[in-house]
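Student: I would like to take a close look at a single part of this structure and then follow how that part connects to its surroundings. Could you take me through it carefully, step by step?

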2 protein chains.
Amino acid sequence: MRRADMAKEKLVKSITSMDEDFAKWYTDVCIKAELIDYSSVKGCMIIRPYGYAIWENIQSQMDAMFKKTGHENVYMPMFIPESLLQKEKDHVEGFAPEVAWVTHGGEEKLEERMCVRPTSETLFCDHFKNIVQSYRDLPKLYNQWCSVVRWEKTTRPFLRSREFLWQEGHTLHATAEEAQAETIQMLNVYAKFAEDCLAMPVVKGVKTAKERFAGAEDTYTIEALMHDGKALQSGTSHYFGDGFARAFEIQYTDKNNNLVHPFQTSWGTTTRLIGAVIMTHGDDSGLVLPPAIAPIQAVIVPIATHKEGVLDKSREVLERLKTVCRAKLDDSEQSPGWKFAEYEMKGVPLRIELGPRDIENNVCVVVRRDNGEKTVVSLDELETRIPELLNAVHKGLFDKALARREKMTYDAHGLDEMKEIADNKPGFIRAMWCGDRECEDKLKEVAGVTSRCIPFEQEEISGKCVCCGKEAKHMLYWGKAY
Amino acid sequence: MRRADMAKEKLVKSITSMDEDFAKWYTDVCIKAELIDYSSVKGCMIIRPYGYAIWENIQSQMDAMFKKTGHENVYMPMFIPESLLQKEKDHVEGFAPEVAWVTHGGEEKLEERMCVRPTSETLFCDHFKNIVQSYRDLPKLYNQWCSVVRWEKTTRPFLRSREFLWQEGHTLHATAEEAQAETIQMLNVYAKFAEDCLAMPVVKGVKTAKERFAGAEDTYTIEALMHDGKALQSGTSHYFGDGFARAFEIQYTDKNNNLVHPFQTSWGTTTRLIGAVIMTHGDDSGLVLPPAIAPIQAVIVPIATHKEGVLDKSREVLERLKTVCRAKLDDSEQSPGWKFAEYEMKGVPLRIELGPRDIENNVCVVVRRDNGEKTVVSLDELETRIPELLNAVHKGLFDKALARREKMTYDAHGLDEMKEIADNKPGFIRAMWCGDRECEDKLKEVAGVTSRCIPFEQEEISGKCVCCGKEAKHMLYWGKAY
């Protein structure tokens with residue numbers, strides 16, 4: 001066996017296969033694709049350059065969508081004084097048990113302890129109270145990119161860590177209708193982003209009361225299905241009514257000169273989206289990245305670099321590709337076999353092989369990461385064919401993920417069937433629900449599933465609640481979730 | 001007096017004049033230009049949309065310079081376990097007295113308390129130790145955008161706050177020479193950024209041992225002179241030798257198969273740069289922004305909007321301007337006078353007035369924020385003339401700041417003269433120094449000045465130390481500093 005092949009063998013063997021141990025496969029990919037490293041800080045991860053470049057691509061594209069819908073970025077303090085956190089009753093109950101407390105500044109004990117923000121509703125409310133007096137000051141459409149801290153017991157890279165990066169939108173409106181419309185608008189932005197940039201199909205819907213954000217009147221969500229059949233909540237958008245405004249005494253003078261409370265929303269997505277991408281598209285060779293967020297969209301691997309003209313031609317191809325995509329040439333001393341494995345592991349959407357015979361024929365061989373398909377492309381058509389192939393990869397990933405989700409979505413008509421599916425068939429379960437918390441709790445207890453959402457697209461599977469058999473109100477998606 | 005003029009009058013009157021009280025003028029500008037708001041978190045500020053948009057412009061342009069010089073972004077945890085902070089002796093002594101300590105996660109007391117990062121050398125070292133084994137793994141050229149916390153006693157928006165946004169570069173190299181070259185390269189990047197993007201002249205030099213970063217072998221700095229004659233350290237670049245590598249046991253195998261320590265640098269700039277811009281270019285009408293970082297580079301103020309065609313023409317001009325700069329049309333109901341004052345306060349580089357008579361003549365009137373100069377510009381030449389005028393504003397700002405700095409830089413030849421200048425003439429003082437810490441301390445005690453830097457561009461003012469009269473080693477910049 002050649003050294004190169006041995007290297008590839010070694011690299012590939014070092015990932016656990018998905019079927020053998022999905023959790024182990026996942027962390028193997030996170031480490032071997034150099035997305036993260038573990039740190040000396042328990043429960044916190046280091047996001048390495050390749051992982052962070054993915055986040056930068058997510059950020060820049062999502063940020064553009066926020067700005068297009070009229071939102072502005074701001075920055076709030078990372079600390080919340082305890083008294084401020086306590087102002088909204090439900091909110092503090094939800095978050096106080098899992099915050100990190102700062103008690104000392106230098107040598108001195110603080111008069112009032114402060115938590116590191118787990119989310120910033122309280123800080124935004126405190127600020128809104130200061131800057132909003134009249135209907136002319138509304139709406140306020142704010143967003144913040146930052147890190148937050150939640151003291152989780154068990155952690156996992158990207159999916160659940162004590163500190164994570166996110167964006168949190170916070171908006172204030174004159175009317176309930178306007179705030180509700182904003183909540184839905186931002187959920188749609190998230191869904192569009194998931195589909196267009198992450199090639200990830202999502203179910204849009206509203207959470208049950210049990211699964212609502214602490215302090216919200218309604219929580220909307222996009223839910224995705226991972227490769228192992230578990231659901232991943234991938235973005236949420238909350239409607240607060242005027243609850244926070246009342247708790248924080250935010251008031252404004254309306255057009256009729258009355259002092260009234262405004263209405264509020266918040267919405268967030270996190271670095272968890274990177275985990276979603278790994279578990280939606282990845283395979284036993286490693287990461288598979290949707291082109292829109294791939295730090296490298298096409299990598300050129302020259303073959304027989306010692307032959308005259310190969311490196312020169314590769315550099316020429318690189319310069320041309322750079323005008324249409326994020327391209328890289330790997331002209332290092334490693335063997336082609338090693339490079340193939342390396343960029344497969346890193347999920348680069350297209351590999352471009354260029355050898356002496358290809359150059360002679362004025363072509364290159366393009367290999368798709370999503371399905372291994374090889375295409376011979378004329379060097380005269382690079383600038384049109386490569387973007388086409390990137391689009392094809394995106395579509396291929398989306399279609400495959402959608403087909404899998406459809407295949408892994410089951411309908412349940414009664415409790416026994418629900419349990420049987422939950423025990424044996426990983427995936428979404430669609431089932432009717434009467435609306436009672438008791439039934440929701442029972443399904444968790446008996447079948448081990450939680451309600452993912454009441455989807456906007458309703459379909460009547462039966463007239464009766466899957467649990468109690470009484471008249472059903474909604475069809476829900478249920479599942480085991482990250 | 002017309003209502004519009006009254007409004008303008010009111011707005012302008014509400015800022016304290018620079019000469020009356022510079023500190024008050026500064027905070028007035030921060031608040032009235034809507035850069036910041038105070039928060040309920042003592043010593044922490046809220047960066048409002050207009051202030052944050054300036055930071056975004058700084059970030060994107062500086063980040064591009066970092067990437068061009070081969071640096072990659074990463075994200076480290078925000079917490080540092082106490083034992084990790086203590087590994088490098090000088091470093092912990094410098095920072096421990098001013099960190100915020102997290103002692104509890106939820107209800108539980110932590111086994112080991114952690115501080116919120118005041119800077120991340122220790123975390124990067126801990127990571128480097130993990131990922132660097134061979135000379136092939138070097139160099140590592142990393143940068144991080146994040147917020148840090150230092151428990152300051154007295155705070156001021158942008159200049160000194162308990163939490164601030166910054167970037168911190170951290171690099172690891174095979175040789176001392178390479179690390180030293182990196183330190184200087186990044187100082188030059190900062191100087192170029194200050195001059196090209198902030199229109200702010202800076203003095204480049206090295207800090208004395210007393211003013212060095214905790215743990216560094218050398219600290220390089222760019223020093224700027226503010227309107228009130230105080231110096232502002234605007235960016236620093238540190239050379240660490242292999243001190244941190246030894247403390248953290250970072251080793252790699254070199255080409256000769258020896259296990260050796262690598263060499264390290266770090267470099268940082270902060271939201272303090274926004275403070276520097278305010279105090280370098282601002283005036284009694286408010287903020288004055290250099291075009292490169294201005295969220296709005298040109299604002300169109302239509303005159304007599306009720307007249308037919310004015311708003312239509314304004315919108316047409318806006319669309320055309322958008323192709324060459326960041327333009328805004330203010331078609332709100334406020335009077336032109338109110339708008340003039342508002343955008344002067346916000347430091348918008350160019351105001352474009354467009355009224356019925358202008359439209360008739362196919363021109364607009366362009367007013368420069370930096371010097372009030374009015375130019376009549378043909379509407380046929382908008383796309384070429386506006387960028388030219390923006391360049392003129394940049395050059396005007398830089399030249400004015402440089403001229404002021406030169407006027408406010410004095411040479412001192414002895415201690416009495418030094419004290420006389422320090423007491424009566426705000427600005428930089430250039431004076432010779434023997435190199436002894438004692439003299440440095442005495443100058444602080446007697447004249448109230450600190451050493452700003454030993455500039456790269458040396459000039460022999462006399463042969464003798466300004467303090468002790470012994471043989472001088474260097475010419476230094478001294479001053480009172482923020």
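Student: Which residue stands opposite B:I80 in strand 6 of chain B?

Tutor: In this predicted model, the residue of strand 6 of chain B that stands opposite B:I80 is B:C115. The two strands concerned, strand 4 of chain B and strand 6 (residues 108-116) of chain B, run antiparallel and are joined by three bridges.

From this pair we can move outwards to the sheet that holds it, an open sheet of six strands in the order 4(A)-6(A)-5(A)-5(B)-6(B)-4(B), with antiparallel pairing. Strand 4 of chain A and strand 4 (79-81) of chain B stand at the edges, each with a single partner strand, so one side of each is left without a neighbour in the sheet. On average, and with direction ignored, neighbouring strands of this sheet are turned by 45° against each other.

The sheet passes from one chain to the other where strand 5 of chain A pairs with strand 5 (residues 100-105) of chain B, in the antiparallel sense and over five bridges. Within that pairing, A:W101 has B:H104 as its bridge partner in strand 5 of chain B.

The contact between the chains takes in 42 residues from chain A and 42 residues from chain B. On the side of chain A that touches chain B, at least two residues each come from several elements, among them strand 4 (79-81), strand 5 (100-105), strand 6 (108-116) and helix 3 (49-68) of chain A. Strand 5 of chain A gives the largest share of that side, namely six residues. Sorted by class, the side of chain A that touches chain B consists of 24 nonpolar, 10 polar and eight charged residues. Of the interface residues of chain A, 100% are also interface residues in chain B, so the copies meet through the same surface.

The relation between the copies can also be put in geometric terms. A turn of 180° with a shift of 0.0 Å along the axis lays chain A on chain B with an RMSD of 0.0 Å, which means that the relation is that of a two-fold axis. The C-alpha of chain A nearest this axis belongs to A:V102, at 2.1 Å from it.

Chain B also has a further open sheet, built from 11 strands in the order 3-7-8-14-11-10-9-22-23-21-20 with mixed pairing. At its edges stand strand 3 (72-73) and strand 20 (409-411) of chain B, each with a single partner strand, so one side of each is left without a neighbour in the sheet. Within this part of chain B, strand 9 (residues 203-206) and strand 10 (residues 218-225) run antiparallel and are joined by four bridges, and B:G205 has B:T221 as its bridge partner in strand 10 of chain B. Helix 7 (residues 176-196) of chain B lies across strands 8, 9, 10, 11 and 14 of chain B, and runs at about 165° to strand 11 of chain B.

Finally, a helix pair in chain B: the axes of helix 14 (residues 415-424) and helix 15 (residues 437-447) of chain B come within 9 Å and cross at roughly 50°, which means that helix 14 of chain B is oblique to helix 15 of chain B. Their crossing is right-handed. Helix 14 of chain B contributes B:L415, B:M418, B:K419 and B:A422 to the contact, while helix 15 of chain B contributes B:L443, B:V446 and B:A447. By class, the residues of this contact are six nonpolar, no polar and one charged.

Definitions and conventions:
Residues are numbered from 1 along each chain as its sequence is written. Chains are lettered from A and ligands numbered from 1 in the order in which they are written. This is a predicted model: local features need pLDDT of at least 70, side-chain atom pairs count only at pLDDT 80 or more; totals for chains, interfaces and linings use all residues. Two residues are in contact if their C-beta atoms, placed from the backbone, lie within 7 Å. Ala, Val, Leu, Ile, Met, Phe, Trp, Tyr, Cys and Pro count as nonpolar, Asp, Glu, Lys and Arg as charged, and the others, Gly among them, as polar. Two strands pair if DSSP finds at least two bridges between them. Axes are lines fitted to C-alpha atoms, for helices over the stretch in contact, and angles run from 0 to 180 degrees between N-to-C directions. Angles under 35 degrees count as roughly parallel, over 145 as roughly antiparallel, 65 to 115 as roughly perpendicular and the rest as oblique. A crossing is left-handed if the near helix is turned anticlockwise from the far one by less than a right angle, and right-handed if clockwise. Copies are superposed by least squares on the C-alpha atoms of residues with pLDDT of at least 70 in both.
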